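Colleague: Got a few minutes for this model? I'd like to go through it with you.

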Amino acid sequence: MSYRSPLGRARGLGSAKQGTHHFWIQRVTAVALIPLTLWFVFSLARLPSADFDAVSWWVAAPSVAVALVLYIGCVLYHSQLGVQVVIEDYVGSEGAKITALLLSQFVHVIAGLAGVFAVLKIALA
Amino acid sequence: MSTPATSKATPQRPLSPFMIGPYYKPQMTSMLSITHRLTGLALTVGALLMVALLVCLASGPEGYNVLVPHLTAWYGQALLAAFTWALLYHFCNGIRHLMWDVGKGLDMPTAEKTGYAVIVVSVVLTAAVWATALATA
């Protein structure tokens with residue numbers, strides 16, 4: 001037997017089976033960010049100097065470049081999900097909400113691509 | 001007679017009061033919760049700054065070297081220290097959230113203990129990062 005209401009059956013609409021997707025990806029990126037964050041802060045702390053040669057030499061090391069690409073991807077994906085929740089919680093009007101969500105998503109995708117491209121350019125130079 | 005709705009944003013039904021205001025007493029746990037969200041928003045700005053720095057680095061020494069004196073000046077270091085703590089606070093409290101997600105530590109005494117632990121560990125980790133940085137410099 002079906003538990004769907006007659007109206008629900010008539011409309012032919014139902015769950016998109018994505019109810020937990022946002023929650024789950026937020027947790028997946030959170031777990032990935034545990035080792036990546038510790039690596040990131042302590043690696044930066046151990047840089048001998050902030051000048052161009054020291055930092056670009058560090059970024060160019062293959063293991064660092066790969067970890068940085070992972071870090072940038074996870075951070076910006078996690079950030080996008082978090083900002084989305086904040087916008088959905090506090091922006092009341094539908095128009096402003098959708099505008100803010102689009103803006104946030106565009107900024108996050110552009111930043112992610114720019115960050116990954118910058119790391120690859122330094123690493124492959 | 002029902003009164004007309006003042007706007008679409010205020011439906012005529014009981015609503016839970018907003019967390020800030022006269023209805024709820026501020027508690028350590030609720031303050032940590034809002035700090036998690038505020039540090040998250042600050043870290044979004046931090047992530048964009050990190051990307052901007054990487055783009056400057058990739059575009060060559062001329063642009064990047066203009067930034068270095070600002071990064072090493074007191075205000076740059078203070079900003080980096082603030083971002084370090086925000087990141088490590090969100091990191092520690094995020095682990096607390098993951099623990100809740102698997103159903104552990106949801107009772108009040110444990111939630112308060114882990115809350116204090118998050119404050120202490122985030123400060124200790126921040127100090128450890130900066131001690132490492134100062135020892136390396």
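Modeller: Sure. One term to start: pLDDT is the predictor's confidence in each residue, from 0 to 100. For chain A the mean pLDDT is 93, with 98% of the residues at 70 or more.

Colleague: What ground rules apply?

Modeller: This is a predicted model, so local features need pLDDT of at least 70 and side-chain atom pairs count only at pLDDT 80 or more, while totals for chains, interfaces and linings use all residues. Residues are numbered from 1 along each chain as its sequence is written, chains are lettered from A and ligands numbered from 1 in the order written, and side-chain values use heavy atoms, with hydrogens and water left out.

Colleague: Which helix of chain A has the lowest confidence, and which the highest?

Modeller: The lowest is H1(A), at a mean of 76. The highest is helix H5 (residues 94-124) of chain A, at 98. Helices here are DSSP runs (H or I, at least four residues), as are strands (E, at least two), numbered from the N terminus.

Colleague: And what is the mean pLDDT of chain B?

Modeller: It is 91, and 92% of the residues of chain B reach 70 or more. Helix H2 (residues 61-72) of chain B is lowest, at a mean of 92, and H3(B) is highest, at 98.

Colleague: Where in chain B does pLDDT stay under 50?

Modeller: Over residues 1-6. The model has 3 contacts for them beyond four places in sequence. Contact means heavy atoms within 4.5 Å.

Colleague: What about the global scores?

Modeller: ipTM is 0.88 and pTM is 0.88.

Colleague: Back to H3(B). What span does it reach?

Modeller: Helix H3 (residues 74-101) of chain B has 28 residues and reaches 40 Å from first C-alpha to last. That is close to the 40 Å expected at 1.5 Å a residue. The expected span is 1.5 Å times one less than the number of residues. Gly103(B) follows H3(B), with a positive phi near 85°.

Colleague: New topic. How many disulfides?

Modeller: The count is 0 over all chains. A disulfide here is a pair of cysteine sulfur atoms within 2.5 Å.

Colleague: Why no bond for Cys74(A)?

Modeller: Because the closest cysteine sulfur, in Cys92(B), is 18 Å from the sulfur of Cys74(A), too far for a bond.

Colleague: Is Cys74(A) buried or exposed?

Modeller: Buried, at a relative accessible area of 13%. Cys92(B) is buried as well, at 10%. Buried means under 20% relative accessible area, exposed over 50%, partly exposed in between (1.4 Å probe, protein chains only).

Colleague: How many aromatic pairs?

Modeller: The count is 7 over all chains. The rings of Trp39(A) and Trp58(A) are stacked, because their centres are 6.0 Å apart and their planes at 20°. That pair links distant parts of the chain: Trp39(A) is in helix H2 (residues 21-45) of chain A and Trp58(A) in helix H3 (residues 52-60) of chain A, 19 residues apart. Trp39(A) is partly exposed at 24%, and Trp58(A) is buried at 11%.

Colleague: Remind me of the ring cut-offs?

Modeller: Rings of Phe, Tyr and Trp (its six-membered ring) pair if their centres lie within 6.5 Å. Planes under 30 degrees apart count as stacked, over 60 as edge-to-face, and the rest as tilted.

Colleague: Which residues do ring pairs link into a cluster?

Modeller: Trp39(A), Phe40(A), Trp58(A) and Tyr71(A).

Colleague: Where does the charged end of Arg27(A) sit?

Modeller: Over the ring of Phe23(A), 3.8 Å from its centre. The rule wants NZ of Lys or CZ of Arg within 6 Å of the ring centre and within 35 degrees of the ring normal.

Colleague: Now Thr29(B). What is it in contact with, beyond four places in sequence?

Modeller: Arg96(B), Met108(B), Ala111(B) and Glu112(B). Thr29(B) is in helix H1 of chain B. Thr29(B) counts as buried, at 18% relative accessibility.

Colleague: And Pro69(B)?

Modeller: Pro69(B) is in helix H2 of chain B and partly exposed, at 47%. Its C-alpha is 31 Å from that of Val121(B), 52 residues apart along the chain.

Colleague: Last one: is Ala16(A) buried or exposed?

Modeller: Exposed, at 63%. Ala16(A) is in the loop between helix H1 (6-11) and H2 of chain A. The C-alpha atoms of Ala16(A) and Arg27(A) are separated by 20 Å, with the two residues 11 apart along the chain.
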